[in-house]
Amino acid sequence: MPGNRQLRVRSGNEPRPAPAMEPEGRGAWAHSRAAFDRLEKLLRCSRCTNILREPVCLGGCEHIFCSNCVSDCIGTGCPVCYTPAWIQDVKINRQLDSMIQLCSKLRNLLHDNKLSGRPTFCG
């Protein structure tokens with residue numbers, strides 16, 4: 001090897017270096033906004049693909065929908081997997097609804113208040 005430079009092999013046990021907190025040109029909260037965008041993708045209705053509004057879970061298959069999106073499926077089947085869906089199987093998910101409300105408040109803190117790029121809610 002030229003000079004006294006040694007090659008360093010990184011073991012799997014060494015922690016990775018922390019990513020830069022501010023990607024160039026994107027602002028101080030860029031990583032938080034990106035993580036939040038990934039979270040919002042998980043909070044989308046299986047039918048309308050908008051952010052869930054009054055989320056309900058079908059007991060047989062556990063798919064989650066907006067209450068408006070699933071109302072016409074009761075007595076027939078889940079629109080995703082066609083598992084029979086009965087009125088007694090529909091459960092309102094209040095905890096998820098609370099999380100969605102908190103995410104809405106967080107979005108206002110992390111993103112500009114411009115209308116472009118804002119999530120669409122069912123209803």
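How many residues lie between E1 and E2 in the hairpin that they form? In this predicted model, the hairpin of E1 and E2 has five residues between its strands, and glutamate 62 in the turn has a positive phi of about 70 degrees. The hairpin belongs to a chain whose secondary structure comprises three helices and three strands. In sequence order, these elements follow the pattern α-β-β-α-β-α. The protein chain has 123 residues, of which 24% are buried.

The three strands make up an open sheet with the order E2-E1-E3 and antiparallel pairing. Strand E2 (64-66) and strand E3 (90-92) each have a single partner strand and stand at the edges, so one side of each is left without a neighbour in the sheet. On average, and with direction ignored, neighbouring strands of the sheet are turned by 35 degrees against each other. Strands of a sheet pair through backbone hydrogen bonds, in either a parallel or an antiparallel sense.

Strand E1, residues 55-58, pairs with E3 in the antiparallel sense over three bridges. In E3, isoleucine 92 is the residue opposite valine 56. The antiparallel pairing of E1 with E2 also runs over three bridges, and here cysteine 57 stands opposite isoleucine 64 of E2. The side chains of E1 are divided between two directions: Pro55 and Cys57 point one way, Val56 and Leu58 point the other way, and all are buried.

Positive phi values occur in two of the loops. Most residues other than glycine have a negative phi. Glutamate 62, which is not a glycine, nevertheless has a positive phi of about 70 degrees. This residue is found in the loop between E1 and E2 and is exposed, with a relative accessible area of 59%. Threonine 49, also a residue other than glycine, has a positive phi near 65 degrees. The position of threonine 49 is in the loop between H1 and E1.

Helix H1 covers residues 30-42. From the first C-alpha to the last, the 13 residues of H1 reach 19 Å, close to the 18 Å expected at 1.5 Å a residue. Ala30, Phe36 and Glu40 are buried in H1. Viewed down the helix axis, the buried residues of H1 fall within an arc of 120 degrees, so they line one face of the helix. Arg38, Lys41 and Leu42 are exposed residues on the face of H1 turned away from its buried side.

The largest nonpolar core contains 17 residues. Cys45, Leu52, Leu58, Phe65, Val70 and Ile100 are those with the most contacts inside this core. Two or more core residues are given by each of E1, E2, helix H2 (67-70) and helix H3 (94-110). H3 supplies the largest share, three residues.

Helix H3 is also the place of arginine 107. This arginine is buried, with a relative accessible area of 6%. The C-alpha atoms of arginine 107 and aspartate 37 are separated by 9.1 Å, and the two residues are 70 residues apart along the chain.

A further buried position is found in the loop between H2 and E3, where glycine 77 lies. The relative accessibility of glycine 77 is 14%, and because buried means under 20% relative accessible area, glycine 77 counts as buried. Between glycine 77 and cysteine 61, 16 residues apart along the chain, the C-alpha separation is 9.9 Å.

An unreviewed UniProt entry lists residues 45-81 as "domain: RING-type". Over residues 45-81 the chain is 11% helix and 19% strand. The C-alpha atoms at the ends of this segment are 14 Å apart.

Definitions and conventions:
Residues are numbered from 1 along each chain as its sequence is written. This is a predicted model: local features need pLDDT of at least 70, side-chain atom pairs count only at pLDDT 80 or more; totals for chains, interfaces and linings use all residues. Side-chain values use heavy atoms; hydrogens and water are left out. Two strands pair if DSSP finds at least two bridges between them. Helices (H or I, at least four residues) and strands (E, at least two) are DSSP runs, numbered from the N terminus. Axes are lines fitted to C-alpha atoms, for helices over the stretch in contact, and angles run from 0 to 180 degrees between N-to-C directions. UniProt positions are given in the numbering used here, feature names are shortened, and annotations may be inferred rather than shown by experiment. A nonpolar core is a set of buried Ala, Val, Leu, Ile, Met, Phe, Trp, Tyr and Cys residues joined through side-chain atoms within 4.5 Å. Buried means under 20% relative accessible area, exposed over 50%, partly exposed in between (1.4 Å probe, protein chains only). The expected span of a helix is 1.5 Å times one less than its number of residues. The arc is that of the directions from the helix axis to the C-beta atoms.
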